[in-house]
Amino acid sequence: MIQKNLFEDIMRTKPIFKNREFLRHTYIPDRLLHRDEQVKQLARILAAPLRGETPSNVLIYGKPGTGKTATVRYVGKELEEASKNSQMKVNVLYLNCEIVNTHYRVLASLAETLLDQMKESEVVKNLPRIPRTGWPLDEVYRAFVKTLDAENRQVVIVLDEIDKLVRKEGDDVLYSLTRVNLELKKARTCIIGISNNLSFINMLDARVRSSLSGEEVVFPPYNANQLRDILEERARMSFCDGVLAEGVIPLCAAYAAREHGDARRALDLLRVAGEIAEEEGAETVTVEHVRKAHETIEQDHIVEVIKTLPLQSKLVLLAISILAQRKPRPVTTGEVYEYYKMICHKSGTDVLTSRRVQDLIAELDLLGIICARLVNRGRYGRTKEIKLNIHPLQVQALVQEDAILSLVGPEIFAFLSP
DNA sequence: AATCCACAGGAAGCCCGGGAAC
DNA sequence: GTTCCCGGGCTTCCTGTGGATT
């Protein structure tokens, strides 16, 4: 009985998606809507290499999901194409500094990408390969410079999330990258830095700052109308004809516009809504599916955050969840601390001071897992009223997954349950 | 008006692990 | 290998807060 219906059911319903890949934010579209201004500006700056000149460095700002990376990649691709027909060779090196963020690995990774791009060339054989680890920094730097300078060319270095490279004084990587032209005989480089953090520039060394911010391109958030255009374009490519009900795209756009115009968010929303509809066996995607998708995404986010919380924060959260389950009114800092101490004793964990726990509660609030409101209760002091933003039982299930707490064993949870 | 509760939250400093420099 | 430095987690100590109570 199972076998017979299994595929029948699936085949009977009409498909929702043509190709959902176009809804992923890793996909770079052939044309970028509502970013003409930025594309033009960037192209104007980056046209210099084609004339054999070195372009100035560029800093690109904008909130997440405003199309910064997509635009730069798009312009970069076009630039490489155009360079094939000109006498000047151009290489575009893309690096995400969130993933690669140490001095050593930035240089090594850039050199590696470049070697990769010139693997047909003869000179490649004489160039050093930088090992993953082991060399002193100056040697890595020399190898990097040698690789850059192997040919006559312009190298555009794109540093995505460049702010991740800056920690107070330690911007040596950026310093050496901005100075590297002085050591090159044949090649020229320029840097495109992408950041969603406007204030990071203030943390830079003055010399690096002036060098980096030769040109600036700002990416404003998309408004709801623009998001709608983007979604409509992608929806045409990804969904089967006529499966999207009236109002689906505007609602996705509205949700995302509320989240400071994040196009990624909008695309995710649309994709998840489609997936939910598919799972339900529905033939069309409705606004109700979008609402569910919105909740799912929000929920997934919180679940992920809780899972990765440090142990002590989990214990505090556990205390809050149990108290919240036991009584209807909001719990206070003092109550949480008392209960937290008890949990620590039962589980054999170190007990932190109440001051520290105050900070942990503030962090949980900031993460959106709880909602803490400062209240004055006159004679009965001043405290925070804490409410949980998700179901207590879900919190307890998630916390129970913690490796350290699972070593303690389930008896602690048995003891804690009401 | 004075008091007082139950914390909030700032400042300073300790401790420890990890990476860089020597 | 050793020393130095740095940042993050944490503690200690402290001052501030605003309305119910006296």
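**Pockets and the DNA surface**

Reader: Which helices and strands each supply at least two residues of the lining of the largest pocket?
Author: The model is predicted. In it, helices and strands both contribute to this lining. The elements that each give at least two residues are α3 (68-84), β2 (90-96), β4 (188-195), α8 (224-238) and α10 (263-280).

Reader: Which element gives the largest share of that lining of the largest pocket?
Author: Several elements each supply at least two residues, α8 and α10 among them. The largest share is four residues, and that share comes from α3.

Reader: How much space lies in the largest pocket, and which residues are closest to its centre?
Author: The space is about 720 Å³. The lining holds 32 residues. Closest to the centre are His 25, Gly 67, Thr 69, Ala 70 and Arg 264.

Reader: Where does the largest pocket lie with respect to domain 1 and domain 2?
Author: Domain 1 covers 6-17 + 222-305, and domain 2 covers 35-219. Both give residues to the lining. The largest pocket therefore lies between domain 1 and domain 2.

Reader: How do the residues of the lining of the largest pocket divide into nonpolar, polar and charged?
Author: The lining of the largest pocket mixes three classes. The split is 14 nonpolar, nine polar and nine charged.

Reader: What is the volume of the second largest pocket, and which residues are closest to its centre?
Author: The volume is about 490 Å³. Its lining counts 15 residues. Closest to the centre are Glu 259, Arg 265, Ile 297, Glu 298 and His 301.

Reader: Which element gives the most to the lining of the second largest pocket?
Author: Both α10 and α11 (287-307) supply at least two residues there. The top contribution is six residues, and it comes from α11.

Reader: How many charged residues are in the lining of the second largest pocket?
Author: Four residues of this lining are nonpolar and three are polar. The charged ones number eight.

Reader: What percentage of the atoms of DNA strand C that come within 4 Å of the protein is sugar and phosphate?
Author: Residues surrounding DNA strand C include Val 351, Arg 355, Asn 376 and Arg 382. Of the strand's atoms within 4 Å of the protein, the sugar and phosphate share is 78%.

Reader: Which side chains have a polar atom 2.8 Å from a phosphate oxygen of DNA strand C?
Author: Tyr 380 has a side-chain N or O atom 3.5 Å from a phosphate oxygen of DNA strand C. The 2.8 Å value belongs to the side chains of Thr 353 and Arg 356.

Note on methods. Residues are numbered from 1 along each chain as its sequence is written. Chains are lettered from A and ligands numbered from 1 in the order in which they are written. This is a predicted model: local features need pLDDT of at least 70, side-chain atom pairs count only at pLDDT 80 or more; totals for chains, interfaces and linings use all residues. Side-chain values use heavy atoms; hydrogens and water are left out. On a 1 Å grid over the protein atoms alone, a cavity is a set of points where a 1.4 Å probe fits but cannot get out, and a pocket is an open set with protein on both sides within 12 Å along at least five of seven lines; lining residues have an atom within 4 Å of a point. Grid points are joined across faces, edges and corners, and a volume is the space filled by probe spheres set on the points. Ala, Val, Leu, Ile, Met, Phe, Trp, Tyr, Cys and Pro count as nonpolar, Asp, Glu, Lys and Arg as charged, and the others, Gly among them, as polar. Domain bounds come from an automatic or database domain assignment. A residue is near a molecule or strand if one of its heavy atoms lies within 4 Å of it. A polar contact is a pair of N or O atoms within 3.5 Å; within protein, one must be able to donate a hydrogen and the other to accept it, and residues adjacent in sequence count only if both atoms are side-chain atoms.
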